[in-house]
Amino acid sequence: MEGVVQTGTDASAFKECFSLTWKNPYVLRLAFSAGIGGLLFGYDTGVISGALLYIRDDFKSVDRQTVLQESIVSMAVAGAIIGAAVGGWMNDRFGRRMAILIADFLFFIGAVVMASAPNPALLIVGRVFVGLGVGMASMTSPLYISEASPAKIRGALVSTNGFLITGGQFLSYLINLAFTNAPGTWRWMLGIAGLPALLQFILMLLLPESPRWLFRKGREEEAKVILRKIYPADDVEKEIQDLKESVEAEIREEGSAKINMMKLLKTKTVRRGLIAGVGLQVFQQFVGINTVMYYSPTIVQLAGFASNKTALLLSLVTAGLNALGSIVSIYFIDRTGRKKLLLISLFGVAISLGLLAGVFHETTSHSPMVSRIQTSHFSNYTCPDYSSATNPGAWDCMKCLKASSPDCGFCASPTDKLLPGACLLSNDTVKDLCHDESRLWYTRGCPSKYGWLALVGLALYIIFFSPGMGTAPWIVNSEIYPLRFRGVCGGIAATANWISNLIVAQSFLSLTEAIGTSWT
């Protein structure tokens, strides 16, 4: 099939990719300019995880309602579903370059709206705009890179899009940390995302359209000019001829028929490609990666780390490992092959999630007890549910945090956080009183000696996920469809990814409340 990377045929693809820096910087410029779409995708995925901690502090309605927190996260995903679906049509109609420009515009508008949002409702509107841009960029960037790359290093260059996604996530955690003490914390975190969108918009104005799309539209001379810049002189004529023959063959095959779903499903190669492409995108989300990316600091707090800043700092480790894993993918994707890398990745992910489930089971079933003496020390702020309990001696930290009329928090012992502590009302006054006595204040998870094991589990999960399931689904979807169907099929697969993403993002916190962190 035209445009497919032959897996394993060139073990030096990784070295050749980096040799382009001095041999042909134009190809690298195309790849990284388009790859900023991946950076935006990653930044938005990562930044909300840290911003959410401070949005909860600013808007008490968000702190009290789990559904509202999930909506702030998942409305961007809902927007991305529409963006990915429309992006497929827009790619085929107006070209890859125009689709990226529109995505940048939407992302910039969304960033401005979020940064200035006076209430959760407008914040959600900004998230939808950002989601529209991210959805379009998520399927257009790897497609543009794939179609503007020499065949021998196509897999490695498309992997750079994966690296920029994870790099964007890592950057978002760094920026989250940088603004933890700044006035308007989360507004800076969300608003600064408009800058890379603006940069890519300017860069894409200076770059050409995909040569494959130009051939498809009969603009052969424009395509040849671009191909001569991409390929060495001794290869370019053969590539032009191969591409021309491929496009002509597809035009003859399609005749005057229009693309529709029945046509896609009746074409065996396309149908099999969609099963593989859509399947990989769905499973990428259902193994829980965006649970980790959207809620990583929250998961760290659930594991027993109290402060927002500590949670963000520890989450930076997972984001860094994710970026590192995507670099490893660039090396192995063309050498090892897509299928083997995916199988190794999925095996490791299953083991890591098993470890995390065990750790959270121990954390929740062995939390510190509530002490009547410690609680009476803050007599005016005792949790009402604890005061009226028939058997307060059986209360532990987890039972305290589950009290909901009103919400309660756990103030740890000043000598050892694992010793019995106080169950108190959850508000800013009590939080400050607790901190004034050099105690830790818990509202998400409880103190635990197993917290570090949760970090190990998260780290192992990312190490296994990132090189395989992290990048391979996007690479496979940029390769397996005939040119004529590539934009539409890529849009279908990206839409499937975002729908699966939405299901995970909208249900994670509710599931932790309903069935517990371990089972979730």
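Is Glu-237 buried, partly exposed or exposed? In this predicted model, Glu-237 turns out to be partly exposed, with a relative accessible area of 45%. The side chain of Glu-237 meets that of Arg-228 in a salt bridge, with 3.4 Å from N to O, and Arg-228 is likewise partly exposed, at 44%.

This pair belongs to a wider set, as a search of the whole structure finds nine salt bridges. One of particular interest to anyone tracing the chain joins Lys-60 to Asp-428, whose closest N and O atoms are 3.5 Å apart. Lys-60 lies in helix H3 (residues 60–64) and Asp-428 in helix H21, so this salt bridge ties together parts that are 368 residues apart in sequence. Lys-60 is partly exposed, with 34% relative accessibility, and Asp-428 is partly exposed too, with a relative accessible area of 41%. Asp-92, Arg-96 and Glu-147, for their part, are linked in a network of salt bridges.

A further salt bridge brings the side chains of Arg-439 and Glu-437 together at 3.1 Å, N to O. Here Arg-439 is buried, with a relative accessible area of 6%, whereas Glu-437 is partly exposed at 32%. Between these two in sequence comes Ser-438, which has a positive phi of about 60° although it is not a glycine. Most residues other than glycine have a negative phi. Ser-438 sits in the loop between helix H21 (428–436) and strand S3 (441–442), and at 63% relative accessibility it counts as exposed.

Turning to the interior, the largest nonpolar core has 117 residues, and Ile-55, Leu-190 and Trp-498 are those with the most contacts inside it. Helix H2 (residues 25–58) gives the most to this core, contributing 18 residues. Leaving aside residues up to four places away in sequence, Leu-190 touches Val-47, Ile-48, Ala-51, Ile-55, Ala-111, Met-114 and Leu-123. Another core, of 16 residues, lies apart from it and includes Cys-383, Tyr-386, Trp-395 and Met-398.

Nonpolar side chains also appear on the surface. Ile-344, Leu-355, Trp-452, Val-456, Leu-460, Ile-463 and Phe-464 form a nonpolar patch there, together presenting about 580 Å² of accessible area. Helices H17 (338–365) and H22 (451–470) are the elements that give two or more residues to the patch, and the largest share, five residues, comes from H22. Ile-463, found in helix H22, is partly exposed, with a relative accessible area of 40%.

At the level of the whole chain, the protein is divided into domain 1 (20–206) and domain 2 (368–447). The C-alpha centres of these two domains lie 40 Å apart.

Methods
Residues numbered from 1 in each chain as written. Predicted model: local features only at pLDDT ≥ 70, side-chain atom pairs only at ≥ 80, totals over all residues. Heavy atoms only, no water. Domains from an automatic or database assignment. Patch = residues over 30% accessible without salt bridge, like charges linked within 9 Å, V, L, I, M, F, W, Y side chains within 5 Å. Areas by Shrake-Rupley, 256 points an atom, 1.4 Å probe, with all protein chains shown as cover. Salt bridge = Lys/Arg side-chain N within 4 Å of Asp/Glu carboxyl O. Helix = DSSP H or I, 4+ residues; strand = E, 2+ residues; numbered from the N terminus. Buried < 20%, exposed > 50% of the residue type's maximum accessible area, 1.4 Å probe, protein only. Core = buried A, V, L, I, M, F, W, Y, C linked by side-chain atoms within 4.5 Å. Contact = heavy atoms within 4.5 Å.
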